[in-house]
Amino acid sequence: MADDHGKIDQRIFGNGKVLPFITRSQRLAEDLMKVFKMKDSIIDAFKRGNVQRTVYVHYNKIFQVESTDQDKEVIFDLLSQGQLVYHILLALDMQGKQQILDGELPSYVFDKLVSKICYLCVPLDLYEEALAEGDLEGATRQETIQNYIDDLIFEAQQGILRAYVTDDSQETFTFSRIEVTVVRGNLVLVT
C-alpha cells in the first residue's frame with residue numbers, strides 16, 4: 001500500500017515483501033510510542049523484547065521500571081490471545097473522588113486509592129482487528145490494514161490508546177480505550 005506520496009508503507013511491506021504479523025505489530029507499536037515522543041530507552045527496551053513500566057505517583061514523581069513477574073505473565077497471556085504489549089502504565093486513581101470548593105483552591109476527598117495498570121497493546125492480526133472495528137474495510141487486504149493503522153495513529157495523536165486495564169486485584173481485565181498525556185516527557189494515564 002502506498003501513501004499519498006507514492007511511498008510504500010514500511011509497517012506493511014519490507015524489502016518489497018509483506019511483513020509477518022509480529023513485525024507489523026512491532027513497527028506499529030514503535031510508531032505509537034513515537035507519537036508521544038517516549039524516551040528512546042523505552043523504545044529500545046521494547047525492540048530488545050523488554051516491556052517497561054511507567055509509574056506515575058504525582059507530577060514530580062514519575063519513573064520507569066522493568067516489568068514485574070506478574071506483568072510478564074499478563075504479557076504472555078495477552079500474546080497468546082493475539083495482543084502485543086509494548087508498554088505498561090501504572091497510575092493511582094481515587095475511587096469515589098469528589099471535589100470540594102472550600103477556599104481559593106479546590107481539594108478532593110475519595111473513598112479509596114487504587115492503582116490502575118494499563119497494558120498498552122496492539123493486535124497481531126491487524127486485518128482481523130480492522131474488520132472487527134467496522135468502517136475500516138478497504139478494497140484490498142493491505143488497504144484495510146492501512147486504514148486500521150491510520151485510525152490507531154490518529155487516535156494516538158488525540159491522546160487515546162488501546163489497553164488491557166486492571167486494578168490492584170488483578171482479577172478483572174477490560175480491553176478499552178484510555179486517555180493518556182505527556183507529563184514532563186513521560187507518557188501517563190489521565191485519571
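A pocket is an open set of grid points with protein on both sides within 12 Å along at least five of seven lines, and a residue belongs to its lining if the residue has an atom within 4 Å of a point. With that term in hand, we can walk through the structure shown above, which is a predicted model.

The protein as a whole has five helices and eleven strands. Of its 191 residues, 42% are buried, and its accessible surface comes to about 10800 Å², with 48% of that surface belonging to carbon and sulfur atoms. If we look at the contacts in the protein with a separation of 6 or more, we find that 54% of them are between residues 24 or more positions apart.

The largest pocket has a volume of about 270 Å³. Of the 14 residues that line this pocket, Gly49, Asn50, Val51, Ile75 and Val85 are the closest to its centre. Several elements take part in the lining, since helix H1 (21–35), helix H2 (40–47), helix H3 (69–80) and strand E5 (83–95) each supply at least two residues, while the largest share, three residues, comes from H3. In chemical character, the lining of the largest pocket divides into six nonpolar, four polar and four charged residues.

Gly49, one of the residues closest to the centre of the pocket, deserves a second look. Gly49 lies in the loop between H2 and strand E3 (52–58), and its relative accessible area is 57%, which is why it is described as exposed. Although Gly49 and Tyr86 are 37 residues apart in sequence, their C-alpha atoms are 8.9 Å apart in space.

Tyr86 leads us on to another space, because a cavity, unlike a pocket, is a set of points where a 1.4 Å probe fits but cannot get out. A search of the whole structure finds one cavity of 30 Å³ or more, and about 60 Å³ of space lies in the largest cavity. Its lining is made of Leu32, Tyr86, Cys121, Val122, Pro123, Tyr148, Leu152, Glu155, Ile160, Leu161 and Arg162. Strand E8 (112–123), helix H5 and strand E9 (160–167) each supply at least two residues of this lining. Nine of the lining residues are nonpolar and two are charged, and there are no polar ones.

Helix H5 can now be followed along its own length. It covers residues 141–157, has 17 residues, and reaches 25 Å from its first C-alpha to its last, close to the 24 Å expected at 1.5 Å a residue. The buried residues in H5 are Thr144, Ile145, Gln146, Tyr148, Ile149, Leu152, Ile153, Glu155 and Ala156. Just after the helix, Gly159 takes a positive phi of about 90°.

Within H5, Leu152 shows how a single residue fits into its surroundings. Its relative accessibility is 6%, and it therefore counts as buried, given that buried means under 20% relative accessible area. Apart from neighbours within four places in sequence, Leu152 is in contact with Leu28, Leu32 and Arg162. Leu152 and Arg162 are ten residues apart along the chain, and their C-alpha atoms are separated by 8.6 Å.

A second buried residue can be found in helix H1, where Ser25 lies. Ser25 has a relative accessible area of 0%, so it is buried. When residues up to four places away in sequence are not counted, Ser25 touches Leu84, Val122, Pro123, Leu124 and Leu126. Val122 and Pro123, two of these partners, are also among the residues that line the largest cavity.

The walk can end with the backbone. Most residues other than glycine have a negative phi. Against this background, Lys37 stands out with a phi near 50°, a positive value in a residue other than glycine. Lys37 lies in the loop between H1 and H2 and, at 69% relative accessibility, counts as exposed. Arg184 likewise has a positive phi of about 50° although it is not a glycine. The loop that holds Arg184 lies between strand E10 (174–183) and strand E11 (186–189), and the relative accessibility of Arg184 is 46%, so this residue counts as partly exposed.

Conventions. Residues numbered from 1 in each chain as written. Predicted model: local features only at pLDDT ≥ 70, side-chain atom pairs only at ≥ 80, totals over all residues. Heavy atoms only, no water. Helix = DSSP H or I, 4+ residues; strand = E, 2+ residues; numbered from the N terminus. Expected span 1.5 Å × (residues − 1). Buried < 20%, exposed > 50% of the residue type's maximum accessible area, 1.4 Å probe, protein only. Points joined across faces, edges and corners; volume = space filled by probe spheres on them. Nonpolar A, V, L, I, M, F, W, Y, C, P; charged D, E, K, R; others polar. Contact = heavy atoms within 4.5 Å. Areas by Shrake-Rupley, 256 points an atom, 1.4 Å probe, with all protein chains shown as cover.
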